[in-house]
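Work through the following exercises with the sequence and the model side by side, and try each task before reading its solution.

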Amino acid sequence: MVAFLVYSCGGKLSQADLEKLSSLPVQSVTDMVVIQNENGRLVMRMEAGKMERYDRDTVAFESFPSGITVYSYNEDEKLETIITADRAVHDSKQKKDMDIWNAYGNVVVENLINHQVLETDTLFWDSGNERIWTESYVQLYSSDGYMQGYGMVSDQKARNSIIKKPFNSYGYVQKDTTEFAVDTVNFIGPMLKN
């Protein structure tokens, strides 16, 4: 009788343990840094506090619960775009022609060369087709003015951001002809005399 009770309880515990195991990630990485090069040229750098990979029968994805920061470089290897978000998810089981990333919570896309900052709550990035978009509320700050509305589409470096449904009112900044901008991110400094 005692052996039967121990065996039946042991079977139930192992089933519970199996259910717990199926909800755990198959891989977990902390302080993750990914660098992408093309022909020896720096193209992209991604940093995340934590990455968890899940792989189930029908679903496979990577989750970034501690947030994500993506640094994108232009053809001259100068830092051009920074994308930050509180959380992100990358779908591992992709369709042939798409590679979709989802960013959520306080998403900021900053183009340092064009001096533009885009803020939204949700952003989708198709790295295969090199474009970003959202259907959420968007605020776009630039040296030319301020715009807001719903929905946005752009190339992945945020060079050509278009708000799909802009609000009727917007702010316009009149430029001073004596004003000049310094690229503080890529600025090396004055040349030292020998």
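**Exercise 1. Find what share of the contacts between residues at least 6 apart in sequence join residues at least 24 apart.**

Solution. Keep in mind that the model is a predicted one. Begin with the contacts in the protein whose two residues lie at least 6 apart in sequence, and then pick out those that join residues at least 24 apart, which make up 40%.

**Exercise 2. Describe the secondary structure of the protein, and give the order of its elements from the N terminus on.**

Solution. Counting the elements gives one helix and 12 strands. Reading from the N terminus on, the order is α-β-β-β-β-β-β-β-β-β-β-β-β, with the helix ahead of the strands.

**Exercise 3. State what percentage of the residues count as buried, and describe the accessible surface of the protein.**

Solution. The protein has 194 residues, and 31% of them count as buried, where buried stands for a relative accessible area under 20%. Turning to the outside, the accessible surface comes to about 13000 Å², and carbon and sulfur atoms account for 54% of that area.

**Exercise 4. For Asn39 and for His115, give the sign of phi, locate the residue, and decide whether it is buried, partly exposed or exposed.**

Solution. Take Asn39 to begin with: its phi is near 55 degrees, which is a positive value in a residue other than glycine. Asn39 sits in the loop that links β1 (27-38) and β2 (41-55). Its relative accessible area is 85%, so Asn39 is exposed, given that exposed means over 50%.

Now take His115, whose phi is near 55 degrees, again a positive value in a residue other than glycine. His115 is found in the loop between β7 (100-111) and β8 (116-126). With a relative accessible area of 39%, His115 is partly exposed, because this value falls between the cut-offs of 20% and 50%.

**Exercise 5. Search the whole structure for cavities of 30 Å³ or more, and describe the lining of the largest cavity.**

Solution. The search finds one cavity of 30 Å³ or more, and the largest cavity has a volume of about 100 Å³. Next, list the residues that line the largest cavity: Ile68, Val70, Ile83, Ala88, Trp101, Asn102, Ala103, Leu123, Phe124 and Trp125. Then assign residues to elements, which shows that β4 (68-73), β7 and β8 each supply at least two residues of this lining. Finally, sort the lining residues by kind, which gives nine nonpolar, one polar and no charged.

Terms used:
Residues numbered from 1 in each chain as written. Predicted model: local features only at pLDDT ≥ 70, side-chain atom pairs only at ≥ 80, totals over all residues. Heavy atoms only, no water. Helix = DSSP H or I, 4+ residues; strand = E, 2+ residues; numbered from the N terminus. Buried < 20%, exposed > 50% of the residue type's maximum accessible area, 1.4 Å probe, protein only. Contact = heavy atoms within 4.5 Å. Areas by Shrake-Rupley, 256 points an atom, 1.4 Å probe, with all protein chains shown as cover. 1 Å grid on protein atoms, 1.4 Å probe; cavity = no way out; pocket = protein on both sides within 12 Å on 5 of 7 lines; lining within 4 Å. Points joined across faces, edges and corners; volume = space filled by probe spheres on them. Nonpolar A, V, L, I, M, F, W, Y, C, P; charged D, E, K, R; others polar.
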